[in-house]
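Here are a few exercises to work through with the model open beside you. Try each one before you read the solution.

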Amino acid sequence: MENIKRIFWNYKILIMYRCGSYAFNTSSRQSDEDYIVVLDGYNGVGHIGEDNKEYWIFGLEHFKQKMEFSPHLDKYYQIYNDEIFAFPNSIIYMDESIKPLIDKYINEFPSKVNLWLTKVIEYYQKPISIKDITKRCYHLLRIQDEVINFKNTGSFSLYLSDETKEKIRLFKLSYDKSLYQKEIIEAFNYLKKEVEEN
């Protein structure tokens with residue numbers, strides 16, 4: 001965080017939190033450490049990479065576009081919005097002024113699951129259609145488990161079954177991701193059906 005403070009010394013940090021595999025509890029020794037940083041007064045979306053750390057920088061208005069699934073922001077930034085359910089454990093720092101907004105997004109997310117899944121399907125539609133199974137596709141397995149649990153309990157969380165955790169671990173370790181093509185496509189089709197039926 002000190003490096004971010006130094007680089008963006010003229011902006012107020014509103015929130016900084018872990019995202020990616022560390023937030024979703026799917027990390028391994030090879031995983032990068034990913035962070036989202038929201039700055040007051042900053043305009044746009046930026047990225048800084050250093051060693052094994054990746055920082056995604058958002059101005060407050062662009063962060064709102066991300067969390068509110070705005071069509072004006074790339075879907076890539078929105079398909080992992082469930083990461084806020086790793087709070088408070090994933091929060092590195094939060095200014096009190098942004099807390100009501102964060103609470104609002106957490107409380108509203110369950111009512112927006114279908115909108116979120118629509119973004120997920122739109123984002124993964126092309127790679128799935130051409131059977132381009134890459135490391136990033138493991139999120140489909142993860143999201144499928146979250147949706148099943150949400151339907152069963154009525155409460156949204158980042159819960160993953162031990163079976164899914166193990167499947168993701170092996171998938172991420174595998175050099176040949178195509179070995180998991182069937183399961184990835186099945187997860188995609190499950191999520192697509194959920195969107196179509198709701």
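**Exercise 1.** Does Ser174 count as buried or exposed?

*Solution.* A word on the ground rules: this is a predicted model, where local features need pLDDT of at least 70, side-chain atom pairs count only at pLDDT 80 or more, and totals for chains, interfaces and linings use all residues. Residues are numbered from 1 along each chain as its sequence is written, and side-chain values use heavy atoms, with hydrogens and water left out.

Step 1: find Ser174 in the loop between α7 and α8. Helices here are DSSP runs of H or I with at least four residues, strands are runs of E with at least two, and both are numbered from the N terminus.

Step 2: apply the cut-offs, with buried under 20% relative accessible area, exposed over 50% and partly exposed in between (1.4 Å probe, protein chains only). Ser174 has 14% relative accessibility, so buried is the answer.

**Exercise 2.** Work out which polar contacts the side chains of Ser174 and Lys177 make with backbone oxygens.

*Solution.* Step 1: recall that a polar contact is a pair of N or O atoms within 3.5 Å; within protein, one must be able to donate a hydrogen and the other to accept it, and residues adjacent in sequence count only if both atoms are side-chain atoms.

Step 2: the Ser174 side chain gets to the backbone oxygen of Asp176 at 3.0 Å.

Step 3: the Lys177 side chain, in turn, gets to the backbone oxygen of Ser174 at 2.7 Å.

Step 4: place Lys177 in the loop between α7 (162–173) and α8 (181–197). Lys177 counts as buried because its relative accessibility is 13%.

Step 5: list contacts (heavy atoms within 4.5 Å). Neighbours within four places in sequence aside, Lys177 touches Ile133, Thr134, Lys135, Phe171 and Lys172, and Ser174 touches Leu179 and Tyr180. From Ser174 to Lys135 the C-alpha separation is 9.1 Å, with their positions 39 residues apart along the chain.

**Exercise 3.** Describe how α5 packs on α6.

*Solution.* Step 1: two packed helices are described by the angle between their axes and the distance between the axes. Axes are lines fitted to C-alpha atoms, for helices over the stretch in contact, and angles run from 0 to 180 degrees between N-to-C directions.

Step 2: α5 (residues 113–129) and α6 (residues 138–153) pack at about 155 degrees, their axes 12 Å apart. That makes the pair roughly antiparallel (under 35 degrees is roughly parallel, over 145 roughly antiparallel, 65 to 115 roughly perpendicular and the rest oblique).

Step 3: name the contact residues. From α5 come Val113, Trp116, Leu117, Val120, Tyr124 and Ile128, and from α6 His139, Leu140, Ile143, Glu146, Val147 and Phe150.

Step 4: sort them by class, which gives 10 nonpolar, 1 polar and 1 charged. Ala, Val, Leu, Ile, Met, Phe, Trp, Tyr, Cys and Pro count as nonpolar, Asp, Glu, Lys and Arg as charged, and the others, Gly among them, as polar.

**Exercise 4.** Now do the α3 and α4 pair: what is the angle, and which residues meet?

*Solution.* Step 1: α3 and α4 (residues 99–108) pack at an angle of about 15 degrees with axes 11 Å apart, so they run roughly parallel to each other.

Step 2: Leu60, Phe63, Lys64 and Met67 of α3 meet Leu101, Ile102 and Tyr105 of α4. The classes come out at 6 nonpolar, no polar and 1 charged.
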